[in-house]
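Trainee: I'd like a close look at a single part of this protein, and then a walk outwards from there. Could you take me through it?

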Amino acid sequence: MTAESFERAPHAGAGASYAAAGVDIEAGDRAVELMKEWVKKTQRPEVLGGLGGFAGLFDASALKRYERPLLASATDGVGTKVDLARKMGVYDTIGHDLVGMVVDDLVVCGAEPLFMTDYICVGKVHPERVAAIVKGIAEGCVLAGCALVGGETAEHPGLLGEDDFDVAGAGTGVVEADRLLGADRIRTGDAVIAMASSGLHSNGYSLVRHVVFDRARMSLDQQIEEFGRTLGEELLEPTKIYSLDCLALTRTTEVHAFSHITGGGLANNLARVIPDSLHAVVDRSTWTPGAVFDLVGKTGQVERLELEKTLNMGVGMIAVVPEESVDVALTTLADRGVDAWVAGEITERGEHTTGATLTGDYAG
């Protein structure tokens, strides 16, 4: 995790300088010093070296224990949720969101997340803010069991306002070839197990912000009785990270597929892992979406189908398992503190059916 390094102009005097252009190298260096302790907490034994190099190093000889290791990679950001973090002055949760969006894409194929890198772009380097963002990323990596091996902090004066920022990340994982999960494993009669989300996660915030700010004129410090906290606190609730829970599931019972419920909603994301000949039927009556989804829907007069193709509606991850694996799967998840339930099943695809369909009405 290093700030960019730049050569100084060789001449003195009143000429242009990097600092005059708005880039503060010293602030970047201080940010690196502040973040070191957090990055250190994420280290795995395979990681070599520390901060300050041009590349993060991971000892690939650790993969020799695999017969045929497949590397998986994923990259993502957290979208316009960063705007809420900026407005609230809360910077130590958005990195947690970033990790969740990346590692839970990796684990869908059964891959163990190994390491991540990040990219933080700011209008002006405020060392404590950058360090807080990295603290959140590091804490997320610990929850995911992966290392944070490097990254970049870039200062873009003139393009971003002094308080503006964005984050992105990339991750790498590994899975044994014969344990690769996906559509080819799914069979008729498999159960669809839903795992509860912690809230909105990091998708659909353009819709959410439009509803609560532009239409309803709500404020982030407004107390919402149904939430038991302020609107801002609810909207900044970090994305739940499922990677270690999913990997535990693959060790305790047979799993055919996972689906990470992100942008596009439950049906569209689940359909991505369903084979062309089969169909996933999910029963809405098996759960009650959290109050935040109800607020967005009613306040914005958003139709249910529009909500469902934009937000996760209370389900952050899906596991597709054989019927005989259901009890062990639910017990494993419960033991790990994950709220999970059987939400549907896999059937033969009919002439007019698609990959996944939501049926019935939500409970409550």
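Which residue follows helix 11, and what is the sign of its phi?

Mentor: Keep in mind that this is a predicted model. The residue you're asking about is Gly337: it follows helix 11, and its phi is positive, near 80°.

Now for the helix itself. Helix 11 covers residues 326-335, and its buried residues are Val326, Ala329, Thr332 and Leu333. Look down the helix axis and these buried residues fall within an arc of 135°, so they line one face of helix 11. Turn to the face pointing away from that buried side and you'll find the exposed residues Asp327 and Asp335. As for what covers the buried residues of helix 11, the list includes strand 8 (191-196), helix 7 (243-252), strand 13 (315-321) and strand 14 (340-348).

From there, let's step out to the cores. The largest nonpolar core has 97 residues, and the ones with the most contacts inside it are Met116, Phe165, Met195, Leu235, Phe258 and Leu270. Helix 4 (residues 127-144) gives the most to this core, chipping in seven residues. Another core lies apart from it, with eight residues, including Phe58, Leu63, Tyr66 and Leu114.

Phe58 is worth a second look when we get to the rings. The structure holds four aromatic pairs. In one of them, Phe58 and Phe115 have ring centres 5.1 Å apart and planes at 40°, so that pair is tilted. It also ties together distant parts of the chain: Phe58 is in strand 3 (residues 57-58) and Phe115 in strand 5 (residues 112-122), 57 residues apart. Phe58 counts as buried because its relative accessibility is 18%, under the 20% cut-off. Elsewhere, ring pairs link Trp287, Trp341 and Tyr362 into a cluster. Tyr362 has a charged partner too: Arg284 lies over the face of its ring, at 5.9 Å from the ring centre. Likewise, Lys87 lies over the face of Phe213, at 4.9 Å from the ring centre.

Last stop, the cysteines. A search of the whole structure turns up zero disulfides. Take Cys146: it is in no disulfide, and the nearest cysteine sulfur, that of Cys141, is 3.7 Å away. The cut-off for a sulfur pair is 2.5 Å. Cys146 counts as buried, at 2% relative accessibility, and Cys121 counts as buried as well, at 9%.

How values were computed: Residues are numbered from 1 along each chain as its sequence is written. This is a predicted model: local features need pLDDT of at least 70, side-chain atom pairs count only at pLDDT 80 or more; totals for chains, interfaces and linings use all residues. Side-chain values use heavy atoms; hydrogens and water are left out. Buried means under 20% relative accessible area, exposed over 50%, partly exposed in between (1.4 Å probe, protein chains only). Helices (H or I, at least four residues) and strands (E, at least two) are DSSP runs, numbered from the N terminus. The arc is that of the directions from the helix axis to the C-beta atoms. Contact means heavy atoms within 4.5 Å. A nonpolar core is a set of buried Ala, Val, Leu, Ile, Met, Phe, Trp, Tyr and Cys residues joined through side-chain atoms within 4.5 Å. Rings of Phe, Tyr and Trp (its six-membered ring) pair if their centres lie within 6.5 Å; planes under 30 degrees apart count as stacked, over 60 as edge-to-face and the rest as tilted. A charge sits over a ring if NZ of Lys or CZ of Arg is within 6 Å of the ring centre and within 35 degrees of the ring normal.
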